[in-house]
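Biologist: I should like a close look at a single part of this model, its largest nonpolar core. Which residues make up this core, and which helices supply them?

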Amino acid sequence: MNDLFTWAALGSLTGASAATLLTANVVGGLIGPNGDKARKWIALGVALALSYATAAFAADAGAEKWIIAFFNGLVIFSAALGANQLPPGNRQATQASPTQLAQGREPRFIRSWV
């Protein structure tokens with residue numbers, strides 16, 4: 001159980017962005033094809049919630065922690081979104097685009113949000 005998510009891991013950028021990515025993809029997958037548009041908003045909500053939850057436990061910070069938590073939420077969202085892959089020209093070339101796989105199918109679980 002200690003190898004999975006912990007409170008300390010969720011408080012890190014890596015853990016929070018992984019949790020954001022997983023939550024958005026699982027909830028979007030459960031909603032179905034209509035959930036693709038909701039994935040960005042789900043991810044933003046989860047990222048901000050994790051950031052504000054982390055700020056709530058920060059006892060030594062002042063009132064500015066809430067402003068910083070907002071921007072940290074945006075960083076978490078950007079990491080989960082793959083902002084380092086924007087604009088499309090920065091993406092690595094692949095043999096098949098995400099929407100044109102070997103048999104013309106879209107990926108079922110992890111899809112590009114962009």
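Modeller: The answer below begins with the core and then turns to the helix contact and the database annotation. The model is a predicted one. Its largest nonpolar core has 11 residues in all: Leu10, Ala16, Ala19, Ala24, Ile42, Ala43, Val46, Ala47, Leu50, Ile76 and Phe77. At least two residues of this core come from each of helix H2 (13-31), helix H3 (38-56) and helix H4 (65-81). H3 supplies the largest share, 5 residues. Within the core, Ala19 may be taken as an example: leaving aside neighbours within four places in sequence, this alanine is in contact with Phe5, Leu10, Val46 and Leu50.

The pairing of H2 with H3 deserves separate description. Their axes come within 9 Å and cross at roughly 145 degrees, and the crossing is right-handed. On the H2 side, the contact is made by Ala16, Ala19, Thr20, Thr23, Ala24, Asn25, Val27, Gly28, Gly29 and Ile31; H3 contributes Arg39, Ile42, Ala43, Val46, Ala47 and Leu50. Sorted by class, the residues of this contact are 10 nonpolar, 5 polar and 1 charged.

As for annotation, an unreviewed UniProt entry places the feature "transmembrane region" at residues 42-59 and 66-83. In the model, residues 42-59 are 83% helix and 0% strand, with end C-alpha atoms 28 Å apart. For residues 66-83, the corresponding values are 89% helix and 0% strand, and the end C-alpha atoms lie 23 Å apart.

Methods:
Residues are numbered from 1 along each chain as its sequence is written. This is a predicted model: local features need pLDDT of at least 70, side-chain atom pairs count only at pLDDT 80 or more; totals for chains, interfaces and linings use all residues. Side-chain values use heavy atoms; hydrogens and water are left out. A nonpolar core is a set of buried Ala, Val, Leu, Ile, Met, Phe, Trp, Tyr and Cys residues joined through side-chain atoms within 4.5 Å. Buried means under 20% relative accessible area, exposed over 50%, partly exposed in between (1.4 Å probe, protein chains only). Helices (H or I, at least four residues) and strands (E, at least two) are DSSP runs, numbered from the N terminus. Contact means heavy atoms within 4.5 Å. Axes are lines fitted to C-alpha atoms, for helices over the stretch in contact, and angles run from 0 to 180 degrees between N-to-C directions. A crossing is left-handed if the near helix is turned anticlockwise from the far one by less than a right angle, and right-handed if clockwise. Ala, Val, Leu, Ile, Met, Phe, Trp, Tyr, Cys and Pro count as nonpolar, Asp, Glu, Lys and Arg as charged, and the others, Gly among them, as polar. UniProt positions are given in the numbering used here, feature names are shortened, and annotations may be inferred rather than shown by experiment.
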